[in-house]
Amino acid sequence: MKIAAVIVAAGRGTRAGAGDPKQWRPLAGRSSAQHAMQVFADHARIDRLVLVLHPDDLAAGNWPAQPAADIVSGGATRSASVLAGLRVLEGACDRVLIHDAARPCVSAQVIDGVLAGLEQTPAAAPGVPVVDALWRGENGQVAGMVDRDNLFRAQTPQGFHFDSILAAHRAFPDGATDDVALAQRAKLPVTITPGSEDNLKITLPEDFARAERILRERHGHQAG
Ligand SMILES: Nc1ccn([C@@H]2O[C@H](COP(=O)(O)OP(=O)(O)OP(=O)(O)O)[C@@H](O)[C@H]2O)c(=O)n1
Ligand SMILES: C[C@](O)(CO)[C@H](O)COP(=O)(O)O
């Protein structure tokens, strides 16, 4: 059983504010992309890593030498970037985990959960149950309550039987917000596996400080 991970790092991080793209800014001594890649590189069951880069970063030679990965140029959308990563793995793996470079605090436990989920269904991904009450707002006022039962916040890595997700990407070239959404369009059953509050995606400027705190606690003095 060959298992690969595709780390998508071809976005520009516009919501994270000015400066370098979020996946390349230093966090506890390394970039977010490098932290994320290292967790997959250190995992005993992952055989190969693919890093998908923005064409500008590729042209400028802006990516970490370690850990070792196949380097691929991404597309204008997240789905296009994922497909570029999948293409280089065709015929070379049985399972693939697709992960955001902007989620630096992923853990081996979250990865293990996804791999266990893939024993049940062709797709599996981590989710965190919604615990807060949910309101629907209109013009700044509460207009109603939304039932929180059975709602989850989606995370990555999202895992798949390789041939199933490649076929889904090819069948729906217009893409979807993430690979689970695409799997849903392709009618693949998706097992929800345990996510983690720590496995945040850096999206807004305030997310950097939270990710840095988690990484410093995890790595202690080694993180610099
Ligand atoms: N064309 C794209 C767009 C996104 N991503 C990657 O997909 C992940 C999650 O996407 P998101 O948080 O939306 O990243 P950005 O598109 O970079 O952010 P923004 O929407 O704020 O510009 C990130 O690791 C990002 O680099 C990608 O590889 N290719
Ligand atoms: C893939 C993802 O991280 C799952 O939570 C997410 O869909 C990325 O895009 P978003 O635009 O920030 O929702």
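**Exercise 1. Gly137 and its surroundings**

Leaving aside neighbours within four places in sequence, which residues is Gly137 in contact with?

*Solution.* Begin with the nature of the coordinates: this is a predicted model, in which local features need pLDDT of at least 70, side-chain atom pairs count only at pLDDT 80 or more, and totals for chains, interfaces and linings use all residues. Residues are numbered from 1 along each chain as its sequence is written, while chains are lettered from A and ligands numbered from 1 in the order in which they are written.

Next, apply the rule for a contact, which is that the C-beta atoms of two residues, placed from the backbone, lie within 7 Å. Once the neighbours within four places in sequence are set aside, Gly137 is in contact with Val142 and Ala143.

Then place the residue: Gly137 lies in strand S8, residues 134-138, where helices (H or I, at least four residues) and strands (E, at least two) are DSSP runs numbered from the N terminus. Gly137 has 9 other C-beta atoms within 10 Å and is exposed; by definition a residue is buried with 20 or more other C-beta atoms within 10 Å of its own, exposed with 12 or fewer, and partly exposed in between, the C-beta atoms being placed from the backbone. Finally, the C-alpha atoms of Gly137 and Ser81 are separated by 34 Å, and these two residues are 56 residues apart along the chain.

**Exercise 2. Confidence in the model**

State the average pLDDT of the protein chain and the share of residues that score at least 70.

*Solution.* The pLDDT is the predictor's confidence in each residue, on a scale from 0 to 100. The protein chain averages 96, and 98% of the residues score at least 70. For the model, the ipTM is 0.98 and the pTM is 0.97. Where pLDDT is low, the predicted coordinates should not be read in detail.

**Exercise 3. The faces of helix H7**

Find the buried residues of H7 and explain how they are arranged around the helix.

*Solution.* Start with the dimensions of helix H7, residues 207-219, which has 13 residues and reaches 18 Å from its first C-alpha to its last, close to the 18 Å expected at 1.5 Å a residue; the expected span is 1.5 Å times one less than the number of residues.

The buried residues of H7 are Ala211, Glu212 and Ile214. Seen down the axis of H7, these buried residues fall within an arc of 165°, so they line one face of the helix, the arc being that of the directions from the helix axis to the C-beta atoms. On the other side of H7, Ala209 and Glu217 are exposed.

As a further step, look at the partners of the buried residues of H7, which pack against strand S2 (26-27) and helix H1 (32-42). Eight of the eleven residues of H1 are buried, so H1 is largely enclosed by the rest of the structure; among them are His35, Met37 and Phe40. Just after H7, Gly220 takes a positive phi of about 60°.

**Exercise 4. The shells around the ligands**

Describe the residues that surround ligand 1 and ligand 2.

*Solution.* A residue belongs to a shell if its C-beta atom, placed from the backbone, lies within 6 Å of the molecule. Ligand 1 is surrounded by 22 residues, of which the closest are Val8, Ala10, Gly11, Arg15 and Ser81. Strand S1 (3-9) and helix H3 (78-87) are the elements that give two or more residues to this shell.

To sort the residues, count Ala, Val, Leu, Ile, Met, Phe, Trp, Tyr, Cys and Pro as nonpolar, Asp, Glu, Lys and Arg as charged, and the others, Gly among them, as polar. The shell around ligand 1 then divides into eight nonpolar, nine polar and five charged residues.

Around ligand 2 stand Asp100, Ala154, Gln155, Thr156, Thr177, Asp178, Lys201 and Thr203, and this shell divides into one nonpolar, four polar and three charged residues.

**Exercise 5. Backbone angles in the loops**

Locate the cis peptide bond of Pro157 and the positive phi of Asn139.

*Solution.* A cis peptide bond, with omega about 15°, joins Thr156 and Pro157, and Pro157 is found in the loop between strand S10 (152-154) and strand S11 (158-161).

Asn139 is a residue other than glycine, and its phi has a positive value, near 50°. Asn139 is found in the loop between S8 and strand S9 (141-146), and with 5 other C-beta atoms within 10 Å it is exposed.
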